[in-house]
Amino acid sequence: MAKINEKKLELYANKLYRGDLARYEKKVERDDIFSIGSFFREEEKIRRVPVSKSQEKTVLNTHKNKCVICSKPYDKDDFEIHHINGNQSKTVTKNLVPLCHRCHKKITTTANAKLRDHIVKQGGKKPRSPLGPPEIKLLKFKF
Ligand SMILES: [Zn+2]
């Protein structure tokens, strides 16, 4: 199995974390969300701009047809294009890198954990109740 470059993993996880955090804070500011859970649910609804075939080709070429984290050679069955800052509506080649499934998952998991940590450490300032009861969040969404 291709060896993970821990430094690069950290680098891309941080870039994703910073992108997520910026969008998260903007949404909290506008009172669009009330918890990290609602943030991720809102992110699911974002208008995704799909990666075109030519963008995919460019991204693969730029990175020598390898996963940027573990250098695993391109494999059509184990290959994903990652949005570096996590913004799936910002589909431009400089915001994209090729990854294998395993590395993509690791980056996402690491970045999500960082975001959760950060929000929990903020301790209820903004959002007011990051770990509050789900009923309250649901009510807020309905009206
Ligand atoms: Zn990989």
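Let me start with the place where two helices meet. Leu9, Tyr12, Ala13, Leu16, Tyr17, Asp20, Leu21 and Tyr24 of helix H1 are in contact with Lys106, Ile107, Thr110, Ala111, Lys114, Leu115 and His118 of helix H4. By character, the residues of this contact comprise ten nonpolar, two polar and three charged. I should say at once that we are looking at a predicted model.

How do these two helices lie with respect to each other? H1 covers residues 6–29 and H4 covers residues 101–122, and the two pack at an angle of about 50 degrees. Their axes are 8 Å apart. An angle from 35 to 65 degrees falls in the oblique class, and H1 and H4 are therefore described as oblique to each other. The crossing of H1 over H4 is right-handed.

Allow me now to step back to the chain as a whole. Its secondary structure consists of five helices and two strands. Followed along the sequence, these elements come in the order α-α-α-β-β-α-α. The chain has 143 residues, of which 24% are buried. As for contacts between residues at least 6 apart in sequence, 73% of them link residues at least 24 apart.

I turn next to helix H2, which runs over residues 36–44. Which of its residues are buried? Ile36, Ser38 and Phe39 are the ones to note. These residues lie on the same side of H2, because the arc they cover around the axis is only 155 degrees. A general remark on helices may help at this point. An α-helix has 3.6 residues a turn, so residues three or four places apart point the same way.

Phe40 also belongs to H2. Is Phe40 buried, exposed or partly exposed? Phe40 has 15 other C-beta atoms within 10 Å, and so is partly exposed. In space, the C-alpha atom of Phe40 lies 9.5 Å from that of Asn112, while 72 residues separate the two in sequence.

After H2 comes the loop between H2 and H3, and Arg47 is located there. Arg47 has 6 other C-beta atoms within 10 Å and is therefore exposed. Between the C-alpha atoms of Arg47 and Lys90 the distance is 9.6 Å, for a separation of 43 residues along the chain.

Beyond helix H3, which spans residues 53–62, a loop leads to strand E1, at residues 80–83. Three residues of this loop deserve our attention. Lys64 is in the loop between H3 and E1, and its phi is positive, about 55 degrees, although Lys64 is not a glycine. Lys64 counts as exposed because 11 other C-beta atoms lie within 10 Å.

Asn65 is likewise placed in the loop between H3 and E1. Its phi, too, is positive at about 55 degrees, and Asn65 is not a glycine. With 15 other C-beta atoms within 10 Å, Asn65 is partly exposed.

The third residue is Asp75, in the loop between H3 and E1. Why is Asp75 counted as exposed? The reason is that Asp75 has 11 C-beta neighbours inside 10 Å, and a residue with 12 or fewer is classed as exposed. Asp75 and Cys100 stand 25 residues apart along the chain, and their C-alpha atoms are 8.1 Å apart.

Finally, I come to strand E2, residues 96–99, and in particular to Leu96. Is Leu96 buried or exposed? Leu96 has 21 C-beta neighbours inside 10 Å, and for this reason counts as buried; the threshold is 20 or more. What does Leu96 touch, leaving aside residues up to four places away in sequence? Its contacts are Val51, Gln55, Val59, Ile81, His82, His83 and Ile84. For Leu96 and Ile81, the C-alpha atoms are 6.3 Å apart in space, with these positions 15 residues apart in sequence numbering.

To close, I return to two of the points above. H1 and H4 pack with their axes 8 Å apart, and H1 passes H4 in a right-handed crossing. In strand E2, Leu96 is a buried residue, given its 21 C-beta neighbours inside 10 Å.

Notes
Residues numbered from 1 in each chain as written. Predicted model: local features only at pLDDT ≥ 70, side-chain atom pairs only at ≥ 80, totals over all residues. Helix = DSSP H or I, 4+ residues; strand = E, 2+ residues; numbered from the N terminus. Axes fitted to C-alpha atoms, helices over the stretch in contact; angles between N-to-C directions. Parallel < 35°, antiparallel > 145°, perpendicular 65-115°, else oblique. Left-handed = near helix turned anticlockwise from the far one by under 90°. Contact = placed C-beta atoms within 7 Å. Nonpolar A, V, L, I, M, F, W, Y, C, P; charged D, E, K, R; others polar. Arc of directions from axis to C-beta.
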